Amino acid sequence: MKLQLAPMAALMLAVGSMVPASSHAAGSPGSTTDCVPVRLGPNLVHQRCTVARTLADGTVFTSVYWIDQNGQWYLPAD
């Protein structure tokens, strides 16, 4: 059984290396989320997250939300 597992593992690694790392091309429908830490005080760090949603027709919508030090999501005060 061990002799069969080694060639199978090598085959899976070879096949996996042929597949592109990301199949999500720029401009294709879907969404991406980017979060960056923001220091609000000496021991207070929140995250500012931006979500970009791309529709099939190419329209892009962006929205922003924040995550506090306890992991709670909140919307920015306007």
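Two strands are regarded as paired if DSSP finds at least two bridges between them. In the predicted model described here, Ser31 stands opposite Arg53 of strand β2. This pair belongs to the contact between strand β1, residues 30–41, and strand β2, residues 44–54, which run antiparallel and are joined by 11 bridges.

The chain as a whole contains one helix and four strands. Read from the N terminus, these elements follow the order α-β-β-β-β. Of the 78 residues in the chain, 12% count as buried. Among the contacts with a separation of 6 or more, 14% are made by residues 24 or more positions apart.

The four strands form an open sheet in the order β1-β2-β3-β4, and their pairing is antiparallel. The edges of this sheet are occupied by β1 and β4 (73–74), each of which has a single partner strand, so one side of each is left without a neighbour in the sheet. In general, the strands of a sheet pair through backbone hydrogen bonds, in either a parallel or an antiparallel manner.

The strands may be followed in turn along the chain. Strands β1 and β2 form a hairpin, with two residues between them. Within this hairpin, Arg39 stands opposite Val45 of β2, while Ser31 is placed opposite Arg53.

Strand β2 is in turn joined to strand β3, residues 60–67, by eight bridges, and these two strands run antiparallel. Several residue pairs can be traced along this part of the sheet. Val51 has Ser63 of β3 as its bridge partner, Ala52 has Thr62 of β3, and Arg53 stands opposite Phe61 of β3. Arg53 thus appears in two pairs, standing opposite Phe61 in β3 and having Ser31 opposite it. The hairpin of β2 and β3 has five residues between the strands, and Gly58 in this hairpin takes a positive phi near 95 degrees.

Strands β3 and β4 also run antiparallel, joined by two bridges. In this pairing, Ile67 stands opposite Trp73 of β4. The two strands form a hairpin with five residues between them, and Gly71, in the turn, has a positive phi of about 90 degrees.

The loop between β3 and β4 also holds Asp68. Asp68 is buried yet has no salt bridge, and the nearest side chain of opposite charge, that of Arg39, is 15 Å away. A salt bridge would require a side-chain nitrogen of Lys or Arg within 4 Å of a carboxyl oxygen of Asp or Glu. The side chain of Asp68 does, however, reach the backbone nitrogen of Asn70 at 3.0 Å. When neighbours within four places in sequence are left aside, Asp68 is in contact with His46 and Tyr74.

A search of the whole structure finds one disulfide. This link is formed by Cys35 and Cys49, whose sulfur atoms are 2.1 Å apart. The pair links distant parts of the chain, with Cys35 in strand β1 and Cys49 in strand β2, 14 residues apart. The link of Cys35 and Cys49 is right-handed, with 115 degrees about the S-S bond. In general terms, a disulfide is a covalent bond between the sulfur atoms of two cysteines.

The two cysteines may also be described by their accessibility. Cys35 counts as partly exposed because its relative accessibility is 35%, a value between the limits of 20% and 50%. Cys49 has a relative accessible area of 0% and is therefore buried.

Conventions
Residues are numbered from 1 along each chain as its sequence is written. This is a predicted model: local features need pLDDT of at least 70, side-chain atom pairs count only at pLDDT 80 or more; totals for chains, interfaces and linings use all residues. Side-chain values use heavy atoms; hydrogens and water are left out. Buried means under 20% relative accessible area, exposed over 50%, partly exposed in between (1.4 Å probe, protein chains only). Lys and Arg count as positive and Asp and Glu as negative; His and the chain ends are not counted. A polar contact is a pair of N or O atoms within 3.5 Å; within protein, one must be able to donate a hydrogen and the other to accept it, and residues adjacent in sequence count only if both atoms are side-chain atoms. Contact means heavy atoms within 4.5 Å. A disulfide is a pair of cysteine sulfur atoms within 2.5 Å.
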